[in-house]
Amino acid sequence: MIDIYKHLKSATTGDERAEEKHDMEVFMKSQELAEKYGIIRESGSFVPTDMSLADSVFEAAVELLTSVGIYCIDTKKSIKIDEEDIRRSVNSSKVLEIGRFKEKVIVPFRYTMDSEPPVIIGGPMGGTVSEENFLEVHLSSAMEPIVQGVYAGALEKMGGKGIRGKTPFEMLAALKEARQERLATKLAGREGLALMGPGTPTISPAYMLVSSEELYSTADVQEVYQLDELKTDYETFYKSIFHLEHGNHFLSGQCPVFGGTGIGTPEGLAIVDVAETIQSKIVTGASIHLSGAVHVNTHSSSTEEIMWASNLSSMAISRNMHHYTGRYYWNLAGCCTDMMFYETAAQAIGDTVSGRDMLVGPVGARGAGADHSTGLESRFMGEIAHLATGLTLEEANEAVSKIYTKYENFLQYPPEGKPFSECYKVRSEYEMKPTEEYLKLYRDIFTEIENYCNIE
């Protein structure tokens, strides 16, 4: 609590500035630092192979944080970050153990080309889920043995009506969501499976309401979403203080936007991504940081610029600090399409070899289309990650390059795919499975990826 008090106090006493000025400073400084440290993306690169580049990104991120600070939108002031605070905290670590009973999992601290696979978290991860299919969508992930936790989606409606944001209705929606998520783990015969979220609410009282042994326990990972491009707000502090006091695991999530107001190049994105990870550890005290950078034109995480920057930032973190990291998968295509599988494969290979500790998702249609999340997609993500543990950086880059050619021409007009109800045959909560069409597509694409990775 001492550190969070220090940063909260700084949010009220720091230098006052306009948000637009902060954005411009992040933009200009990250570009300047990329040039200063010689951080350059080679054309056609998806998985960086020069590890010294990762070390340079980390040093640039430290300098960015100490130069620009963290902007608090509620006070319109900047939180000053001292380099000594960063150096003091980067190598301190606490083991993250999630789930209960037979579903208990120790999240590994992974390194570049680590032989141990990342933890696989299925589910819609904040993507829109219909009220009618909410239980079954989450159950489909909980049923997959390779899945080690479920990240909640956001309820589209409650009682057939839209949920009014910033009102007590959010509290009722959060309760309904959490109860159905926990029920899904029980129906799957996996009581104790870790939950992550909740995904529906936006106000801190609703998040805190579901913090209980029955719903989101101390063995689960609760969501504290930070603002993007090195920003924060009082909501972040409310939730962080609550979880720290109650001994809860919680994640800090951020989705920096490449091509937005604060990030203009892949090199700048890599630097900001690492800086936000450091922010997660020293400002909020989060247990793990989840990054889900997206491209401003596609709002997806599967473009070549995003993957290169994310993989480089993952390498920088795994080599230079002890803090758990995971990644959100915001895919463009909908479920039951070859592009959805290709997008997932390209990202999972890069994340696995670059040292990411946890993979989350995937969700299709950028999370905006209802019910574009299934357990089969999460199974595929996990199996590709396990496959990639035997690859070198060079082999991974070659495989991702081949996969990317399969969908790069569809980034502007991705296939819509099918929602959950058309991907799964559901007779009851105890009898549900993917359609034959869906299973055949999954098997065909997986075999193709094995060939790209030269796995016999």
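1. Threonine 303 sits in the loop that runs between strand S17 (294-295) and helix H10 (304-320). The model is a predicted one. Threonine 303 has a relative accessible area of 2%, and because buried means under 20%, this residue counts as buried. Setting aside residues up to four places away in sequence, threonine 303 touches His295, Thr298, Tyr404 and Leu411.

2. A second loop residue is asparagine 133, placed between strand S6 (128-129) and H5. Its relative accessibility is 18%, so asparagine 133 also falls under the 20% limit and is buried. Beyond its neighbours within four places in sequence, the contacts of asparagine 133 are Asp371, Phe420 and Ser421. From asparagine 133 to alanine 154 the C-alpha distance is 12 Å, with their positions 21 residues apart in sequence.

3. Helix H5 (residues 134-142) is largely enclosed by the rest of the structure, because nine of its nine residues are buried. The buried set of H5 consists of Phe134, Leu135, Glu136, Val137, His138, Leu139, Ser140, Ser141 and Ala142. Glu136 and His138 are thus listed among the buried residues of this helix.

4. Strand S19 (residues 358-363) is likewise mostly covered, with six of six residues buried. Strand S5 (residues 119-122) runs parallel to S19 and is joined to it by three bridges. Within this pairing, isoleucine 121 has valine 360 of S19 as its bridge partner. S18 also pairs with S19, again in the parallel sense, over four bridges. Here glycine 326 stands opposite methionine 358 of S19.

5. Another piece of sheet is an open one of three strands, in the order S2-S1-S13 and with mixed pairing. Its edges are strand S2 (77-79) and strand S13 (231-232), each of which pairs on one side only. Strand S1 (residues 70-72) is antiparallel to S2, and three bridges hold the pairing. One of the residue pairs is tyrosine 71 with its bridge partner serine 78 in S2.

6. Next, the pockets. The largest pocket holds about 750 Å³ of space. Its lining has 30 residues, and those closest to the pocket centre are Lys94, Leu244, Lys281, Gly285 and Ala286. At least two lining residues come from each of helix H1 (2-13), helix H4 (83-89), helix H8 (234-246), strand S14 (249-254) and helix H9 (266-284). By class the lining of the largest pocket has twelve nonpolar, 13 polar and five charged residues.

7. The second largest pocket has a volume of about 430 Å³. It is lined by 24 residues, of which Gly199, Pro201, Tyr207, Glu223 and Tyr225 are the closest to the centre. Strand S12 (221-225), H8 and strand S18 (324-330) are the elements that give two or more residues to this lining. The largest share is that of H8, with three residues. The lining of the second largest pocket divides into eleven nonpolar, seven polar and six charged residues.

8. Which elements should be looked at for both pockets? H8 is one of the elements that supply at least two residues to the lining of the largest pocket, and H8 is also named for the second largest pocket. S18 contributes to the lining of the second largest pocket and pairs with S19, the strand described above as mostly covered.

9. On the overall fold, the protein chain contains 15 helices and 21 strands. Its radius of gyration is 21 Å, close to the 23 Å that the globule rule gives for 456 residues, so the chain is as compact as a globular protein of that length. Along the principal axes, the C-alpha atoms fill a box of roughly 60 × 50 × 40 Å.

10. Burial and contacts for the chain as a whole can be given briefly. Of the 456 residues, 62% count as buried. Among contacts with a separation of 6 or more, 80% are between residues 24 or more positions apart.

Note on methods. Residues are numbered from 1 along each chain as its sequence is written. This is a predicted model: local features need pLDDT of at least 70, side-chain atom pairs count only at pLDDT 80 or more; totals for chains, interfaces and linings use all residues. Side-chain values use heavy atoms; hydrogens and water are left out. On a 1 Å grid over the protein atoms alone, a cavity is a set of points where a 1.4 Å probe fits but cannot get out, and a pocket is an open set with protein on both sides within 12 Å along at least five of seven lines; lining residues have an atom within 4 Å of a point. Grid points are joined across faces, edges and corners, and a volume is the space filled by probe spheres set on the points. Ala, Val, Leu, Ile, Met, Phe, Trp, Tyr, Cys and Pro count as nonpolar, Asp, Glu, Lys and Arg as charged, and the others, Gly among them, as polar. Two strands pair if DSSP finds at least two bridges between them. Buried means under 20% relative accessible area, exposed over 50%, partly exposed in between (1.4 Å probe, protein chains only). The radius of gyration is taken over C-alpha atoms; the globule rule is 2.2 Å times the number of residues to the power 0.38. Contact means heavy atoms within 4.5 Å.
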